[in-house]
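Trainee: I am new to this structure and should like to be guided through it. May I put some questions to you?

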Amino acid sequence: MLTQLAPSLRCLRAPNPSPLTGTGTNTYLIGTEAVVVIDPGPDMEAHLDAILTAIGDATCAAILVTHSHLDHTALVPRLAAATGAPTYGFGDVNAGRSAVMQALIESPEGSALGGAEGRDAAFVPDHTLGDGEVLHWDGDPITALWTPGHFNNHLCFAWRDVLFTGDLVMGWSTSLVSPPDGDLTQFMASCAQLADRSDRAYYPGHGDPVTAPATRVRDLIAHRQAREAQILEALDTAPGTPGDITARVYTDVAPHLWPAAERNVLAHLIDLHSRGLVTCAPGLSRSAIFTLSAAP
């Protein structure tokens, strides 16, 4: 279904609903005569047809990608082939990864880390975008903002007085932060970066527009801080693995969602470990036993 959000902004929602995608992936089209597509979405024939129909006789000037998850990028090759449009993103799946996550991947325990769900290892943009880089086509400029956390190569795109936030900030759900692609330390820094902005609205990768963005970002930061406090409280009761702590902390979440919740808990534990607040044995992994650090 095509939704007109502004005179030169439209949204197509892909028919890929799931617990992690909500009602589907949002594909945004900016412009009328020269169209910029943000996040083509999953490789679905019906969605490709809908995008091409929406572009119509206009030129597809560019394809922008917020991050390398398949539900955002799988359709990129076919859309690029059909339109001849160049692709833009921060980089491949390894771009922007923190030193902590890189060291973790290379450690003896790295093979037991898990994660990498939904990663599009094949996506490599034609053009890489740096943080703050401004793109110029017909109409208003689009500014790329490097906002890692949900994914290390995650970008938001600022246009006029709104921000396309990908999966960093959504209204219907909190973002999954699953190491090694997800990094809670980066996530919190990116949210703080957005909190300093004055955008009128957010257009996320899933769900409806966020019309009170400042409030939403503050709520997300507070939510993560509350989860951290719960995890520390759980560890104060007894040491445990990420799975043990998930069962103690996520009592308000249905058990079938615990695997995703466990990834968030692991992200918190890695962040707490990097700050010296917890220790683990034998080494950082999804099966490690975590313990509160001794008070100084």
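Mentor: The exchange below takes up a helix, its surroundings, some salt bridges and a sheet.

Trainee: What kind of model is this, predicted or otherwise?

Mentor: The coordinates shown here should be read with their origin in mind. The model is predicted.

Trainee: Where is His268 placed, and is His268 buried or exposed?

Mentor: The place of His268 is within helix α8, which covers residues 258-274. The cut-off for buried is under 20% relative accessible area. His268 has a relative accessibility of 1%, so His268 counts as buried.

Trainee: Which residues is His268 in contact with, leaving aside its neighbours within four places in sequence?

Mentor: Contact here means heavy atoms within 4.5 Å. With the neighbours within four places in sequence set aside, the contacts of His268 are Leu184, Arg224, Arg227, Glu228 and Ile231.

Trainee: What span should the 17 residues of α8 have, and how far apart are its end C-alpha atoms?

Mentor: The reckoning uses 1.5 Å a residue, so the 17 residues of α8 should span 24 Å. The end C-alpha atoms agree with this, being apart by 24 Å.

Trainee: Which elements cover the buried residues of α8?

Mentor: Several residues of α8 are buried, among them Ala261, Val265, Leu269 and Leu272. An α-helix has 3.6 residues a turn, so residues three or four places apart point the same way. What covers the buried residues of α8 includes α4, α5, α6, α7 (242-249), β13 and β14 (289-292).

Trainee: Which residue with a positive phi follows α8?

Mentor: The phi in question is near 80 degrees. The residue that follows α8 with this positive phi is Gly276.

Trainee: With which side chains does Arg275 meet in salt bridges?

Mentor: One salt bridge of Arg275, at 2.8 Å from N to O, is with Glu228. Arg275 lies in the loop between α8 and β13 (278-281) and Glu228 in helix α6 (residues 213-237), so this pair ties together parts that are 47 residues apart in sequence. Another salt bridge, at 2.6 Å from N to O, joins Arg275 to Asp271. The partners named are therefore Glu228 and Asp271.

Trainee: Which of Arg275, Glu228 and Asp271 count as buried, and which as partly exposed?

Mentor: Glu228 has a relative accessibility of 19%, so Glu228 counts as buried. Asp271, at 8%, also counts as buried. Arg275, at 44% relative accessibility, counts as partly exposed.

Trainee: How many residues apart in sequence are the parts tied together by Asp181 and Arg97?

Mentor: Asp181 forms a salt bridge with Arg97, with 3.7 Å between the closest N and O atoms. Asp181 lies in the loop between β11 (162-166) and α5 (184-195), and Arg97 in the loop between β6 (87-89) and α4 (99-106), so the parts tied together are 84 residues apart in sequence.

Trainee: How many salt bridges does a search of the whole structure find?

Mentor: The pairs discussed above belong to a wider search. Across the whole structure, the number of salt bridges found is 11.

Trainee: What is the order of the open sheet, and which strands are its edge strands?

Mentor: The open sheet has 5 strands with mixed pairing, in the order β8-β9-β10-β11-β12. Two of these strands pair on one side only, and the edge strands are β8 (134-135) and β12 (201-204).

Technical notes: Residues are numbered from 1 along each chain as its sequence is written. This is a predicted model: local features need pLDDT of at least 70, side-chain atom pairs count only at pLDDT 80 or more; totals for chains, interfaces and linings use all residues. Side-chain values use heavy atoms; hydrogens and water are left out. Helices (H or I, at least four residues) and strands (E, at least two) are DSSP runs, numbered from the N terminus. Buried means under 20% relative accessible area, exposed over 50%, partly exposed in between (1.4 Å probe, protein chains only). A salt bridge is a side-chain nitrogen of Lys or Arg within 4 Å of a carboxyl oxygen of Asp or Glu. The expected span of a helix is 1.5 Å times one less than its number of residues. Two strands pair if DSSP finds at least two bridges between them.
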